[in-house]
Each structure stands twice: as C-alpha cells, then as structure tokens.
Amino acid sequence: MINLLERVMGMQPKVVVFVDCDGVLNSDEFAKHCLEEEGYDPFDCDDLDPRAIRNLKRIVDETSASIVLSSSWRWDEKALDAVKKQLKAYGLELYDTTIMDIMKTLSRTNEIKLYLDEHPSITKYVILDDDEIKEPLADHWVRCLFKNGLTKKLADEAIEILKEK
C-alpha cells in the first residue's frame, strides 16, 4: 500500500484520514438504493457508495491527506482489494491500514492510537467512523451514521479539523 518511493525515501504522511467502510463509505441509504433500483445488495459484493467516495476525495484533495483504512475490511483480502479498486476509480490511493494484531486492537480508538504512536510524522488527522472514538482521540472524530454514511456536511467537518492550527 505504501508506494515504493515513499518506502525508499523514508517518507511518511503528515496529514491522514482514517477511514472505516461500513457506515462511512457505505450505508443503509446506499443499500436501499441498490436493492430497490438495481436489484442487488452492495454488502454482498463489497460495493462502496460513490457519493461517499466523492466526499472522501474532496477531503483528500483539499487537505492533501493520505488514506489509512481502519475498517475491519482490512482483514479480508477480497474486501481490501475491492476498496483499493473503488478508490482508484476516483483517483484515490490507499496509503496504509491500521495494525492487524487482534491482541493489540481491542478497540478502534486503541488501534488508531497505536498507528499514530508508530507514525510520529503525522501532525494532523481525522477519523471517519460510525463507531465511537474515545479520548484522547475524540476531538479528531467525525461521527458518521450508518443510516447515510459520509455526507457533504461531514466531509466539511473533516476538512475543518484537518485545516485547524
């Protein structure tokens, strides 16, 4: 996921957006649309909501943030490949995933905190998730709702967090 030049140069991002899939890049609204209008369940084939991806792209474009997947989708190679492919279709690249050690990742908050501890170059970050993010990271959390995922308004909140200070 980390591109070769960054590895060779030892470069790490300074601005990161941690992204969950379920409830952020897909939602009940998207599933309902797919079922009613197109006759399939997007959760059966790891489809993501194009509207949510466009909102994520706006965050990345306006802040130069790198995308780190914190979703449980990172545990499933097929689902992870589907995320990469769908992001790529919008000109986005997955930079990395959070740690995949079940003993160390008892909560999303812990897993992101570990990632931040291991990547001290990160100076700004935002967390897009429908699950609660606790202190000390709560001020960086944009709470998405499973009902409608990453909306324009929530993308605006994320951009504001990343542009602070």
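1. Let's start with one residue: K57 is partly exposed, with a relative accessible area of 25%. For these labels, buried means under 20% relative accessible area, exposed means over 50%, and partly exposed is in between, using a 1.4 Å probe and protein chains only.

2. Before going on, note that this is a predicted model, where local features need pLDDT of at least 70, side-chain atom pairs count only at pLDDT 80 or more, and totals for chains, interfaces and linings use all residues. Residues are numbered from 1 along each chain as its sequence is written, and side-chain values use heavy atoms, leaving out hydrogens and water.

3. Back to K57: what does it pair with? K57 forms a salt bridge with D61, with the closest N and O atoms 3.3 Å apart. A salt bridge here is a side-chain nitrogen of Lys or Arg within 4 Å of a carboxyl oxygen of Asp or Glu. D61 and K57 sit four residues apart in helix α3 (residues 50-63), so about one helical turn separates them. Side chains of opposite charge can pair when their charged atoms come close.

4. Now look at R58, whose side chain meets that of D156 in a salt bridge (2.7 Å, N to O). R58 lies in helix α3 and D156 in helix α6 (residues 152-163), so this pair ties together parts that are 98 residues apart in sequence. R58 is partly exposed at 22% relative accessibility, and D156 is partly exposed at 33%.

5. Another pair worth finding is R108 and E111, a salt bridge whose closest N and O atoms are 3.5 Å apart. Both belong to helix α5 (residues 108-118), three residues apart, so they are separated by about one helical turn. Are they buried or exposed? R108 is buried, with a relative accessible area of 15%, and E111 is buried at 4%. Salt bridges that share partners also join D20, R74, R108, E111 and D129 into one network.

6. Zooming out, the count for the model comes to eleven salt bridges. The protein chain has six helices and five strands, running α-β-α-α-β-α-β-α-β-β-α from the N terminus. Helices (H or I, at least four residues) and strands (E, at least two) are DSSP runs, numbered from the N terminus.

7. Last, the whole chain. Of its 165 residues, 48% are buried. Take the contacts (heavy atoms within 4.5 Å) between residues at least 6 apart in sequence: 69% of them join residues at least 24 apart.
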